[in-house]
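Biologist: Please take me through this structure carefully, and tell me what each term rests on.

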Amino acid sequence: MFDIVFWVLAVVTVGAALAVVLLRDVFRAALCLVLLFLMVAGVYITLHADFLAVVQILVYVGAISVLIIVGIMLTQEMWRGNPSGKLRIPALVVGLLLLGTLVFSAVTTEWRTSDVPPQEPTTAAIGAFLFGEGGFILPVEIAAVLLLAAVLGAIVLIREK
Amino acid sequence: MSVGLEHYLVLSAVLFSIGLYGVLAKRNAVVILMCIEIMLNAVNIALVAFSRYVVPTLLTGQVFAIFVIVVAAAEAAVGIAIIIAIYRNRESIDVAKFDLMKW
């Protein structure tokens, strides 16, 4: 059962990613990207990462996809389609080489996997890990400053003169 | 063979390669941004898979994935803002025509 779920999720994810790259219509490519984000949330659920799956849906499906679609709407390049540049063949070669290397190293390496059952639910544990003693409290504060700087930067860049 | 760590790593590698091809080959700047998001998602899948199969009780990989999502959100906001600013100035988001800083 678990295997079937994984294979369905994997096939739909890869199909959606290929559609993003290959579709002529930019808007349909953006909709396929939303499908990909949803499927990745499903992959997180198969990995017992329930909190991360919800964060994925909130941030990617809810916010980033809207941002990208607004970007497509504001830049009126839809009639131009989704063309490839002069670098199409070299990019294909580089992508296939990287794919071969990554798959080869992932399959041939002897990973030291553990048989301990995973922690569930993860929300309280992640909260303790982020904010607790000896945890990630400094990176959390830096992430807050980063988000503030990014929002202010975006407003400054996009403001009418 | 039941699904294990290798399956997730191969899925992540396939997604990352598709995203890399899109980033290098496409001319529409918004599509390039979308392909970068695909690559970041692929990295997140690898991080969470390692967290699940190598250290199931520690959750370190999931915390890293959360920080990756934070940085991806900031990057998408700034990226879209830059693309719209360029579009206002040059009436185009074709990356082949972004040669303002070339000498």
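**Chain B and its partner**

Modeller: In chain B, 55% of the 103 residues are buried, where buried stands for 20 or more other C-beta atoms, placed from the backbone, within 10 Å of a residue's own. This is a predicted model, in which local features need pLDDT of at least 70 and side-chain atom pairs count only at pLDDT 80 or more, while totals for chains, interfaces and linings use all residues. Residues are numbered from 1 along each chain as its sequence is written, with chains lettered from A in the order in which they are written.

Biologist: How do you know which helices and strands chain B has?

Modeller: Helices are DSSP runs of H or I with at least four residues, and strands are runs of E with at least two; chain B has three helices and zero strands.

Biologist: Why is α6(A) called roughly parallel to α3(B)?

Modeller: The axes, lines fitted to C-alpha atoms over the stretch in contact, with angles running from 0 to 180 degrees between N-to-C directions, cross at roughly 10 degrees for helix α6 (residues 137-158) of chain A and helix α3 (residues 60-90) of chain B. Because angles under 35 degrees count as roughly parallel, α6(A) is roughly parallel to α3(B).

Biologist: What makes residues of these two helices count as meeting?

Modeller: Two residues are in contact if their C-beta atoms, placed from the backbone, lie within 7 Å; among those in α6(A) are A:L146 and A:A150, and α3(B) offers residues including B:F67 and B:V78. Between the chains, the contact takes 73 residues from chain A and 60 residues from chain B.

Definitions and conventions: Angles under 35 degrees count as roughly parallel, over 145 as roughly antiparallel, 65 to 115 as roughly perpendicular and the rest as oblique. A residue is buried if 20 or more other C-beta atoms lie within 10 Å of its own, exposed if 12 or fewer, and partly exposed in between; C-beta atoms are placed from the backbone.
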